Amino acid sequence: MDKKNVEGKADKPGGKIKEVGGVVSNDRDLEAEGKLDQVKGNVKEGLGNLREGIKNKLDDLDKP
């Protein structure tokens, strides 16, 4: 698992907590921040998957 995958997985739950906290407290800024954190987590996770895929392909090229 790539470092970015781990970072992305860590960002998403925190973002969800902020989003729910914003909804409960009627704080639209906090809600939006939580949604943004979740999107950042998805992007980081996607980048991690891409990097991992590239590494795997490069490893396959090195095999005799």
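## Two helices and the salt bridges between them

Just after helix α1, the residue N26 takes a positive phi of about 60°. Helices here are DSSP runs of H or I with at least four residues, numbered from the N terminus. The structure is a predicted model, in which local features need pLDDT of at least 70 and side-chain atom pairs count only at pLDDT 80 or more, while totals for chains, interfaces and linings use all residues. Residues are numbered from 1 along each chain as its sequence is written, and side-chain values use heavy atoms, with hydrogens and water left out.

**Helix α1**

The 22 residues of α1 should span 32 Å at 1.5 Å a residue, and its end C-alpha atoms are 33 Å apart, which agrees; the expected span of a helix is 1.5 Å times one less than its number of residues. Buried residues are those under 20% relative accessible area, exposed ones are over 50%, and partly exposed ones fall in between, with a 1.4 Å probe and protein chains only. In α1 the buried residues are N5, G8, G15, E19 and G22. They cover an arc of only 100° around the axis, which puts them on the same side of α1, the arc being that of the directions from the helix axis to the C-beta atoms. An α-helix has 3.6 residues a turn, so residues three or four places apart point the same way. The face of α1 turned away from its buried side carries the exposed residues K3, A10, I17 and V24. V20, which also has its place in α1, counts as partly exposed because its relative accessibility is 43%.

**Helix α2**

Helix α2 covers residues 28-62, and its 35 residues should span 51 Å at 1.5 Å a residue, which agrees with the 51 Å between its end C-alpha atoms. The N-terminal end of α2 is capped by D27, a side-chain oxygen of which lies 3.1 Å from the backbone nitrogen of D29. Buried in α2 are E31, G34, D37, Q38, G41, E45 and G48, and these buried residues pack against α1, just as the buried residues of α1 pack against α2; contact means heavy atoms within 4.5 Å. G53 lies in α2 as well, and its C-alpha atom is separated by 13 Å from that of K3, although the two are 50 residues apart along the chain.

**Salt bridges**

A search of the whole structure finds ten salt bridges, a salt bridge being a side-chain nitrogen of Lys or Arg within 4 Å of a carboxyl oxygen of Asp or Glu. Among them are the three pairs tabulated here.

| Pair | N to O distance |
|---|---|
| E45 and K9 | 2.9 Å |
| E45 and K12 | 2.7 Å |
| K18 and D37 | 2.9 Å |

K18 lies in helix α1 and D37 in helix α2, so this pair ties together parts that are 19 residues apart in sequence. K18 is partly exposed, with a relative accessible area of 28%, whereas D37 counts as buried at 15% relative accessibility. E45 likewise counts as buried, at 14% relative accessibility. With K12, E45 links distant parts of the chain, E45 being in helix α2 and K12 in helix α1, 33 residues apart. K12 counts as partly exposed at 27% relative accessibility, and K9 is partly exposed with a relative accessible area of 40%. A network of salt bridges also links K3, K4, E7, D11 and K44.

How values were computed: Helices (H or I, at least four residues) and strands (E, at least two) are DSSP runs, numbered from the N terminus. A polar contact is a pair of N or O atoms within 3.5 Å; within protein, one must be able to donate a hydrogen and the other to accept it, and residues adjacent in sequence count only if both atoms are side-chain atoms.
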